[in-house]
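Work through the exercises below with the coordinates open, and try each task before reading the solution under it.

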Amino acid sequence: MGEPIDLTQQALNALASSSLGNDSPAEAFVIGYQTGWQQAIDLCIEIETQLNKEDLKNAQA
């Protein structure tokens, strides 16, 4: 498999790209939570899609 996922770096990248600006701490928390949740779901979908492609390829072989 590939290299391990650097969760700390991913969290820092997500925080940096969230454009929090002058939001209150509560707003920043919600925005950060939503951004992280969406990125996690997107990653799950990407992984599942790749696994499905591999399964389909193996079934045809």
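The exercises that follow concern a predicted model, and each is given with a worked solution.

**Exercise 1. Aromatic rings**

Task: Determine how many aromatic pairs a search of the whole structure finds, and classify the geometry of Phe29 and Tyr33.

Solution: A pair of aromatic rings is described by the distance of the centres and the angle of the planes. The search of the whole structure returns one aromatic pair. This pair consists of Phe29 and Tyr33, whose ring centres are 6.4 Å apart and whose planes make an angle of 25 degrees. Centres have to lie within 6.5 Å for rings to pair, and planes under 30 degrees apart count as stacked, so the arrangement of Phe29 and Tyr33 is classed as stacked. As for their place in the chain, both residues belong to helix H2, where they are four residues apart, about one turn of the helix. Phe29 and Tyr33 are both exposed.

**Exercise 2. A nonpolar surface patch**

Task: Identify which residues form a nonpolar patch on the surface together with Phe29 and Tyr33, and decide whether Ile41 is buried, partly exposed or exposed.

Solution: Besides Phe29 and Tyr33, the patch contains Val30, Trp37, Ile41 and Ile45, and the accessible area of the patch residues together is about 650 Å². Ile41 lies in helix H2, which runs over residues 25-60. Its relative accessibility is 31%; because the partly exposed class extends between 20% and 50%, Ile41 is counted as partly exposed.

**Exercise 3. The largest pocket**

Task: Establish which residues line the largest pocket, and which helix gives the most to the lining.

Solution: Rolling a probe the size of a water molecule over the atoms shows where empty space is left. The largest pocket has a volume of about 200 Å³, and its lining is made up of Leu7, Gln10, Ala11, Gly36, Gln39, Ala40 and Leu43. Helix H1, residues 7-17, and helix H2 each contribute at least two residues to this lining, with H2 giving the most, namely four residues. Two of the lining residues, Gln10 and Gln39, are 29 residues apart in sequence, while their C-alpha atoms are 9.6 Å apart in space. Gln39 is located in helix H2 and counts as partly exposed because its relative accessibility is 39%.

**Exercise 4. Accessibility and separation along H2**

Task: Assign Lys53 and Asn58 to an accessibility class, and give the C-alpha separation of Lys53 from Asp42 and of Asn58 from Ala11.

Solution: Lys53 and Asn58 are both placed in helix H2. A residue is exposed over 50% relative accessible area, so Lys53, at 51%, is exposed, and Asn58, at 54%, likewise counts as exposed. The C-alpha atoms of Lys53 and Asp42, 11 residues apart along the chain, are separated by 17 Å. For Asn58 and Ala11, 47 residues apart in sequence, the C-alpha separation is 35 Å.

How values were computed:
Residues numbered from 1 in each chain as written. Predicted model: local features only at pLDDT ≥ 70, side-chain atom pairs only at ≥ 80, totals over all residues. Heavy atoms only, no water. Patch = residues over 30% accessible without salt bridge, like charges linked within 9 Å, V, L, I, M, F, W, Y side chains within 5 Å. Areas by Shrake-Rupley, 256 points an atom, 1.4 Å probe, with all protein chains shown as cover. Salt bridge = Lys/Arg side-chain N within 4 Å of Asp/Glu carboxyl O. Buried < 20%, exposed > 50% of the residue type's maximum accessible area, 1.4 Å probe, protein only. Phe/Tyr/Trp six-rings, centres within 6.5 Å; stacked < 30°, edge-to-face > 60°. 1 Å grid on protein atoms, 1.4 Å probe; cavity = no way out; pocket = protein on both sides within 12 Å on 5 of 7 lines; lining within 4 Å. Points joined across faces, edges and corners; volume = space filled by probe spheres on them.
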